[in-house]
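Trainee: I would like to learn how to read the features of a protein model, beginning at its surface and then moving inward. Could you take me through them one at a time?

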Amino acid sequence: MTQLNSDRNRVRPRWRRGLLPLLLVAGCAFPLAAQDLEPIVKIEVVGAQKQTPETVIFKSGLKVGEDVRDVDFTAVLEKLWKTGSFDDIKLELENADGGKKLVIRIKERPLIKEIDYRGGTEIGITSIKDKIKEKKLTINPDTVYDPDAARKIKNQIVDMAGEKGFRNPVVDVTLEPMGPGVARLVFDIKEGGKARIYTIKFRGNKVFTSSHLRSVMEKTRQHWMFSWMTTHDLLVDKNLDEDLDNIKKAYWKMGYKDVFVGKPTIEVEDRTTAKQKKKNEKRLKEAKSPKYDLRATLTIPIMEGEKYYEGTFKEEGGKLFRPDFYRGKYAEVKRDNRSFLRKFFNIKPSLEDPKPDAKPVPFDLDAVNQTVDKLKEAYSDQAYILFRAEKKFDIREEKGLKFVDTTLKLDEGEPYTVRRIEFEGNTTTKDKVLRRSMLMREGDPFRTNMFKDSLLSISQLSFFDVKTSEPKVDLVLDKPQVDIVVRGEEAGVNELLFQGGYGSLFGFSLGVSFSTRNLGGGGETLSVSYNGGKFAKSISVGFTEPFVFDLPYSFSTSVSNGTADYDASRVGIANAYKQFTRSLGVSVGARLSNWIPDRPWAFFTTYSAGYNFSLIRIEGGRNYYFRDISNQLTSTFSQSLTYSTVNHQFKPTAGTRLGFSLEYGGWQFGGDRPFLRATWDFAKFANVADRHIFGMNASYGYLQNLGVEDLPIYNMYRPGGENSIRGYRYGQVGSILLDNNGYAVVVGGNKQFVANFEYQFKVAEQFRLVAFYDMGNAWAPGTKIFSHENISYRDIYTGNYLTYTNPTLLRSAGLEFRFFLPISPAPLRLIWSRKLNPYPFDTDGRNDFQFSIGTTF
């Protein structure tokens, strides 16, 4: 009897390499050809637990009554193997009355109940899980074990370990039985040791000193006392390869186009102490990664070659652009490579070839390569996606110097159009909702930049995520057309949240809200929420229709009722009052691309107009400036213009936001206190290597009183708090007035400027560490912005009158921890801040801790 076995980690069994597929068994082995042909009278399955024997027989394709001679047993084995359900398969033939009995012996792959990651403490289990989810490698519980899926996860973990600097990571994949046919999939991660670079040497360099070449290397540096901050002293193959290219480019810029930078020789010395080795034994028993002191020496061989100088530059075959365009791209790249200041100030470079009597300029091969890349971008943005450029270098010698004449032979191809656009993964969202977010339509030219902007536009919908899936672009055979498949996944549309929150102003609150950001798959948003706490209560209902009657115009409406208690314990006795508000609002909006269809920026620019009606009253005021006010009617008409390429509302990593709004509450609308408010906003986000995110925000607002009476306090700007200037309480920034007793009172102002700067380090997908610097102020009517005023006030403790100069801007700095939890799309924030120049009468202290949900900008 011959059996066919398969290793757990093999994709296909070895019988495909010429071994006999089976050996007939009838008490003892004998050759198949020597027997009379007989039918299969019975099929028996041995080893089936999760599947019924009938299911296994059906998958094999075998039937009782078939002649043994007609059965392709190799094909049978292949059918069963391709199901992915078995670790081992054996076929046996036995004699039976009237024919043969076929026995299918199987060993089923277990059902995975749990996935466990052990070790990997240095990489971080959370980071591993986030990366596996991002790469769509997740193995769901209660699925049959798939060795190929496990191998992909193993390779991903090894890659992550390598990026962290671990030289020889080992990941063992095992199955731990949990019961009959059920197992736990375990990834046992042994990261190994990190080799730190203590010496970088070069061999063969004469043009550049070794210290200069080391400075050219951006991600690979020698170890020093602050290496722990950058980790550039870790020996990471990917970083080292990039820096070897940087060394090449440094030579290229100096004219050494034939330079050879070889693979470095790496010598690693283990300096781990005996004491640490004993600790490592203990760490291994505790499933922790051991720590080693591995010190690496790199020796990089270089063959510099000869120096060349720049000759002429020309292109051949370019028809789409004017001749100066190609030469201009080359000149810009050369300028950028040679002078940071010329690049920064965008000084126009010369388009002329070097003159014969001019000082020779080194030939820059890197500039030629970058020029080709820029031309590819320019052509692809004009739908010429198969553009190619062949570089030709002619060497000539003059006066003992070698010059390089460059010719770019261009093959422009032809413009491609979009034949078909399809979407994958939208189980709820209708195709038309995604299609109308695309900047390009079927039949339009396929411009790569416009396609990228289209993906950004879909991402801004917030309910269909395309960032983690690569789109598919296929060339149509024999036609200048492409077929596009945009892949994504539903990001969650219906949410019923029982949530809690905390803010420095209103303290703890509990609430429930229901929202759907994609009602019926049509992109509509409906939300109902109630939030209540000791100091604030509110209920609101809102609805947004992004495309009214499938026309490119949006409509929104909302109604709310709430109370806000500015309690003395939160804002100080002088600023305490309670506000009651009921409001109704409606608005309409449209993208400017409705009227300017050929400009991508217009697609990201929205104009909106709205009307708001509200009744407000104030009770319990403790100060003349916050005195009680009976029902006040506010009736306003507002307009806004907003341009935004920010890629996520709560997790932004890139993009720009510009906004201008104008709110008019004149007597024509029946308001009790007419006013005009104008606001300008700017925000910018950028990231480096995906983990380092920089953000800035600036906002200026101006409020003009159009009536005789003073504006009420609730209409004034009152900066402070975690949503504007962190560290200061809400309303505790602004102009200073004196109450009837001569004590200082912060009343805000009718003019406001606030600026915020943040550096965010993405520790993991759900956690960010933020360092921030905030500044701002508000100025009352009659006070100029950024003014320095001498303020005399009465000290609350001594009763003496003191004088100080009011600061131009109040400033704060600090750290913030942001956690993204399943209960809310907005992050949970733990904020520690320090006031840098508080008011002298500020009794809250310089240091402040706040706990909140949301973002500052």
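Mentor: Let us begin with a definition: a residue is called buried when its relative accessible area is under 20%, exposed when that area is over 50%, and partly exposed in between. Please keep in mind as well that what you see here is a predicted model.

Trainee: Is V559 buried, exposed or partly exposed?

Mentor: The relative accessible area of V559 is 41%, which lies between the two cut-offs, so V559 is partly exposed. V559 is found in strand β26, and it is one of the residues of a nonpolar patch on the surface, whose members also include V528, F555, V586 and F669. Together the residues of this patch have about 810 Å² of accessible area.

Trainee: Which elements give two or more residues to the nonpolar patch?

Mentor: They are β26 (554-566), β27 (577-591) and β28 (605-619), and the largest share, three residues, is supplied by β27.

Trainee: Now I would like to look inside. What is the general idea there?

Mentor: In soluble globular proteins, nonpolar side chains tend to be buried together. In this model the largest nonpolar core has 43 residues, and those that touch the most other members are F202, I247, Y251, I300 and I302. Among the elements that each supply at least two residues of this core are β10 (195-203), α7 (237-253), β13 (294-303) and α11 (365-380), and the largest share, seven residues, comes from α11.

Trainee: Which residues is I302 in contact with, leaving aside its neighbours within four places in sequence?

Mentor: I302 is in contact with F202, R203, G204, N205, L213, I247, Y251, V259 and F260. There is also a second, separate core, made of 23 residues, and I421, F446, F451 and F604 are included in it.

Trainee: How should I read the sign of a phi angle?

Mentor: Most residues other than glycine have a negative phi, and with that in mind we can turn to two residues of this model. K136, although not a glycine, has a positive phi of about 60 degrees, and A383, also not a glycine, has a positive phi of about 80 degrees.

Trainee: Where do K136 and A383 lie?

Mentor: K136 is placed in the loop between α3 (125-134) and β7 (143-144), whereas A383 lies in the loop between α11 and β15 (388-398). K136 counts as partly exposed because its relative accessibility is 42%, while A383 is buried because its relative accessible area is 0%.

Terms used:
Residues are numbered from 1 along each chain as its sequence is written. This is a predicted model: local features need pLDDT of at least 70, side-chain atom pairs count only at pLDDT 80 or more; totals for chains, interfaces and linings use all residues. Side-chain values use heavy atoms; hydrogens and water are left out. A nonpolar core is a set of buried Ala, Val, Leu, Ile, Met, Phe, Trp, Tyr and Cys residues joined through side-chain atoms within 4.5 Å. Buried means under 20% relative accessible area, exposed over 50%, partly exposed in between (1.4 Å probe, protein chains only). Helices (H or I, at least four residues) and strands (E, at least two) are DSSP runs, numbered from the N terminus. Contact means heavy atoms within 4.5 Å. Patches are made of residues with over 30% relative accessible area and no salt bridge: like charges are joined within 9 Å, nonpolar side chains (Val, Leu, Ile, Met, Phe, Trp, Tyr) within 5 Å. Accessible areas come from the Shrake-Rupley method with a 1.4 Å probe; for residues, only the protein chains shown count as cover. A salt bridge is a side-chain nitrogen of Lys or Arg within 4 Å of a carboxyl oxygen of Asp or Glu.
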